[in-house]
Amino acid sequence: MKKGIFISVEGSDGSGKSTQIENIKKFFKDKGIDIVFTREPGGTQIGEILRNLVLDKNLKEMDDMTEALVYAAARAQHVAQVIKPALNEGKIVICDRFVDSSIAYQGYGRGLGESVKIINDFAIAGCMPDVTFLMKMDPRIGRRRIKADQQDRIELEKDDFHIKTFEGYLELERQYPDRIVGIDASRTIEEIKIDIYNKLEDVLKSVVE
Ligand code: TMP
């Protein structure tokens, strides 16, 4: 079976993740390499329905475990329907957020801990990114970039939640130094892009070798 490359991009809300995802797409486009770009929660019809549900700011009563399970359910569908088939065809998959988001936001931010990893191990069935870019920026600064009326149910959480989430990301970076590439996202867009491009070149080289 052929094996593609799975790259995820993570970070706090407002950390400049979307801008750098556009740069990642451009990196591959300029090389004439086709990629499959997808996002979480979402990426499938079922996943997009679950996205609207889990981010709906009117659903204030949502229990933390329900929230964790909805993200995991969307992910299970995404892995089965989009990510695994693409990787099995040898494609490069770029995913805007993946399981680290659940560990950081639900595990650390909500304080659900290890149970989040357990439900997600079930959802992803062994499908893990080869490389994860983690955009690191003080979440208080990042959130100020998002207009108040555009914030979803998660973004509307207090600073304390976002700080715990960010600490979760830093812990993941310490635990998985071979997979997670920490990027200082407080620098200019251009400086960040250079770091990411250098890493992507290494990733491509490692596949050819
Ligand atoms: P986005 O704004 O980057 O598209 O992500 C949607 C929100 O959902 C963002 O605030 C992070 C949050 N989220 C989780 O809490 N857990 C998850 O597993 C994922 C994928 C996203």
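Guide: Contact here means heavy atoms within 4.5 Å, while helices (H or I, at least four residues) and strands (E, at least two) are DSSP runs numbered from the N terminus. The model is predicted: local features need pLDDT of at least 70 and side-chain atom pairs count only at pLDDT 80 or more, whereas totals for chains, interfaces and linings use all residues. Residues are numbered from 1 along each chain as its sequence is written, and side-chain values use heavy atoms, with hydrogens and water left out.

Visitor: What makes helix 4 largely enclosed by the rest of the structure?

Guide: Buried means under 20% relative accessible area, with exposed over 50% and partly exposed in between (1.4 Å probe, protein chains only). Of the 11 residues of helix 4, 10 are buried, so the helix is largely enclosed. Among them are Val 99, Ile 103, Tyr 105 and Gly 109.

Visitor: Which elements do the buried residues of helix 4 pack against?

Guide: They pack against strand 1, helix 3, helix 5 (114-124), strand 4 (131-136), helix 7 and strand 5 (180-184). After helix 4 comes Gly 111, with a positive phi near 80°.

Visitor: How do you know how helix 3 and helix 5 are oriented to each other?

Guide: Their axes, lines fitted to C-alpha atoms over the stretch in contact with angles from 0 to 180 degrees between N-to-C directions, cross at roughly 25° and come within 8 Å. Angles under 35 degrees count as roughly parallel, over 145 as roughly antiparallel, 65 to 115 as roughly perpendicular and the rest as oblique. Helix 3 and helix 5 are therefore roughly parallel.

Visitor: Which residues of helix 3 and helix 5 meet?

Guide: On helix 3 the residues include Met 65, Leu 69, Ala 72 and Val 79, and on helix 5 they include Ile 119, Ala 123 and Ile 124. The residues of this contact divide into 9 nonpolar, 2 polar and 2 charged.

Visitor: Why is the term for helix 2 and helix 3 not that one?

Guide: Helix 2 (residues 45-55) and helix 3 (residues 64-88) pack at about 165°, with axes 9 Å apart. That angle puts helix 2 and helix 3 in the other class, and they are therefore roughly antiparallel. Leu 50, Leu 53 and Val 54 are among the helix 2 residues that meet helix 3, where Val 70, Tyr 71 and Ala 74 are among the partners. This contact has 9 nonpolar, 2 polar and 1 charged residues.

Visitor: How many aromatic pairs does the structure hold?

Guide: It holds 5. Rings of Phe, Tyr and Trp (its six-membered ring) pair if their centres lie within 6.5 Å; planes under 30 degrees apart count as stacked, over 60 as edge-to-face and the rest as tilted.

Visitor: What makes Phe 6 and Phe 98 an edge-to-face pair?

Guide: Their centres are 4.9 Å apart and their planes are at 75°, hence edge-to-face. Phe 6 lies in strand 1 (residues 5-11) and Phe 98 in the loop between strand 3 (92-96) and helix 4 (99-109), 92 residues apart. At 0% relative accessibility Phe 6 counts as buried, and Phe 98 is buried with 0% as well.

Visitor: What about the rings of Tyr 105 and Tyr 169?

Guide: The centres are 6.3 Å apart and the planes are at 90°, so the pair is edge-to-face. Tyr 105 in helix 4 and Tyr 169 in helix 7 (residues 159-175) are 64 residues apart. Tyr 105 is buried at 6%, and Tyr 169 at 1%.

Definitions and conventions
Ala, Val, Leu, Ile, Met, Phe, Trp, Tyr, Cys and Pro count as nonpolar, Asp, Glu, Lys and Arg as charged, and the others, Gly among them, as polar.
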